[in-house]
Amino acid sequence: MQRKLLITFIALSFVSLFADVTYEGARSVIGSYIEYVGATAIIAGLVGVGEFLGYVFRFLGGFIAGRSRSSKVYWSTVFLGYGINLIAVPLLAFARNWIYVILLVFLERIGKGLRQPSRDVILSEVTEGIGKGKGFGIHELLDQIGALIGPLVVAYALYLDGYRLAFLVLSIPALLSIISLSIGYANYPEVKAVRKSSASGKPGRMFWIYTIAMALFTMGFMHWSIVSYHLKAANLASDEMIALLYAVAMASDAVVALPAGIIYDKVGVASILVAPIAAFLEVPLFLSGSNILAAIIWGIAMGTYETNIRAAVADLVEAEGRAYAYGIFGFLTGGSWMAGSLIMGFLYDVSRSLIIPLSLISEVLSLLLLLTLRK
């Protein structure tokens, strides 16, 4: 059984690696692509609406899986989510109007949202033997290796033949993610969470404090669509360089992921305090043109956040309630990120320096709540 758990963990980690090559490759230049097709900064901010839709579908996916009490439903939502990824990203190659670009971004985010709660529940089960922090840290490491490769592939494709080739080539890793997912399912078809009683496992007070703290974090965290739009609109970087800067951010994320998970296993929520600090620092750095340093700090914030949030939710909520809890968490933090992205897009067109106090207030409040939770 332990061998099958290990194979499933490795397979799911490679699923995320290949999927991240696909959607992070596209994400690295989506803001500059929106500018390329003739849209404004507020349209780039609409990418945050796609993030919110993804988080709405995290809630729906978690609710459906948690209520179904069926392993097949858990796995079906995961397969459907990655299948959408296989279709939506390559179709960007044929979108020459910002409306179609935004709709495809929305579709890709919906797929990601639908699959994530069930996948994280499965991961929380197969990582119990090695420690959730370490397990999610290793998973995030491979995830971010894919997120590093994706922008590099896109940068090279842009150099060779422009956006069309860049998006089309991403269909290859998308297909590989489906193959890896099939291997994981074959080795772990039965999800333990479905055997539990649905009467227990409800999120408690600590979960809600933690969720509000992380929602404040995402509100003040500048989405890469705004970053990449700014870099192009302000003539701070070429399209290829924007993709390479995103690769720098993903490399930073990858370096942080495993240590962040190991530290989480030792000190718990205190390990997440670095995320809101880094999230604020990257805003003035990007706006002032310190692009490489800002990209590194952006990756530190994201790596700490993505590794530890999943481990913390798994620790704060019993197994039978995790799909629902992951969905709720994603819905609230995603809604906050959408609101923050739209406000930042609006402020960018009015006076970009106003983004700084928005980020500062959000991240200070996040820190204060996390310190309360730590006590």
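Below, a colleague and a modeller talk through how to read a predicted model of a protein chain.

Colleague: Before I trust any of this, how confident is the predictor, and what pLDDT does the protein chain average?

Modeller: Start with the general caution: where pLDDT is low, the predicted coordinates should not be read in detail. Here the protein chain averages a pLDDT of 85, and 96% of the residues score at least 70.

Colleague: Which elements have the lowest and the highest mean pLDDT?

Modeller: Helix H3, residues 41-45, has the lowest mean among the elements, at 72. The highest belongs to helix H9, residues 171-187, with 93.

Colleague: Okay, on to the fold. How many helices and strands are there?

Modeller: The protein chain has 16 helices and 0 strands.

Colleague: And how do I read the radius of gyration of the protein chain against that of a compact globule?

Modeller: You compare it with what the chain length would suggest. A compact globule of 375 residues would have a radius of gyration near 21 Å, so the 19 Å of this protein chain agrees with that. As for its extent, the C-alpha trace spans about 55 × 45 × 30 Å along its principal axes.

Colleague: What share of the contacts comes from residues 24 or more positions apart?

Modeller: Counting contacts with a separation of 6 or more, 87% are between residues 24 or more positions apart. On burial, 60% of the 375 residues count as buried.

Colleague: What about the surface: how much of it belongs to carbon and sulfur atoms?

Modeller: The accessible surface comes to about 13,900 Å², and carbon and sulfur atoms hold 69% of that. For charge, there are 27 positive and 23 negative side chains, with the centres of the two sets 8 Å apart.

Colleague: Now single residues. Is Glu51 buried or exposed?

Modeller: The cut-off you need is that buried means under 20% relative accessible area. Glu51 has 4%, so Glu51 counts as buried. You'll find Glu51 in helix H4, residues 47-68.

Colleague: Which residues is Glu51 in contact with, beyond its neighbours in sequence?

Modeller: Leaving out neighbours within four places, Glu51 contacts Arg27, Arg109, His223 and Trp337. For a distance along the way, Glu51 and Gly111 are 60 residues apart along the chain, with 11 Å between their C-alpha atoms.

Colleague: There's another acid I wondered about. Where is Asp120, and what does Asp120 touch?

Modeller: Asp120 sits in helix H6, residues 98-126. With 2% relative accessibility, Asp120 counts as buried. Setting aside residues up to four places away, Asp120 touches Phe136, Arg310 and Tyr326. Sequence separation and spatial distance are worth reading side by side here: Asp120 and Val313 are 193 residues apart along the chain, while their C-alpha atoms are separated by 9.9 Å.

Colleague: What about the serines, Ser180 and Ser336: are they buried or exposed?

Modeller: Take them in turn. Ser180 is buried, with a relative accessible area of 10%. Ser180 lies in helix H9, the element with the highest mean pLDDT. Beyond its neighbours within four places, Ser180 is in contact with Ala11, Phe14, Val15 and Phe18. Ser336, at 10% relative accessibility, is buried too. Ser336 belongs to helix H15, residues 322-351, and touches Ala215, Leu216, Thr218 and Met219, not counting residues up to four places away.

Colleague: And the other end of the scale: where does Tyr156 lie, and is Tyr156 buried or exposed?

Modeller: Tyr156 is in helix H7, residues 132-161. The cut-off for exposed is over 50%, and Tyr156 counts as exposed because its relative accessibility is 53%. From Tyr156 to Asp253 is 97 residues in sequence and 21 Å in space, C-alpha to C-alpha. Leu160 is also in helix H7, but with 48% relative accessible area Leu160 is partly exposed. Leu160 and Phe217 are 57 residues apart along the chain, and their C-alpha atoms are separated by 38 Å.

Colleague: Last one, on backbone angles. What is the phi of Asn235?

Modeller: The general idea is that most residues other than glycine have a negative phi. Asn235 has a phi near 55°, a positive value in a residue other than glycine. Asn235 is in the loop between helix H11 (224-233) and helix H12 (239-267), and Asn235 is exposed, with a relative accessible area of 70%.

Technical notes:
Residues numbered from 1 in each chain as written. Predicted model: local features only at pLDDT ≥ 70, side-chain atom pairs only at ≥ 80, totals over all residues. Heavy atoms only, no water. Helix = DSSP H or I, 4+ residues; strand = E, 2+ residues; numbered from the N terminus. Buried < 20%, exposed > 50% of the residue type's maximum accessible area, 1.4 Å probe, protein only. Rg over C-alpha atoms; globule rule 2.2 N^0.38 Å. Contact = heavy atoms within 4.5 Å. Areas by Shrake-Rupley, 256 points an atom, 1.4 Å probe, with all protein chains shown as cover. Lys, Arg positive; Asp, Glu negative; His and termini not counted. Charge placed at Lys NZ, Arg CZ, Asp CG, Glu CD. pLDDT = per-residue confidence, 0-100.
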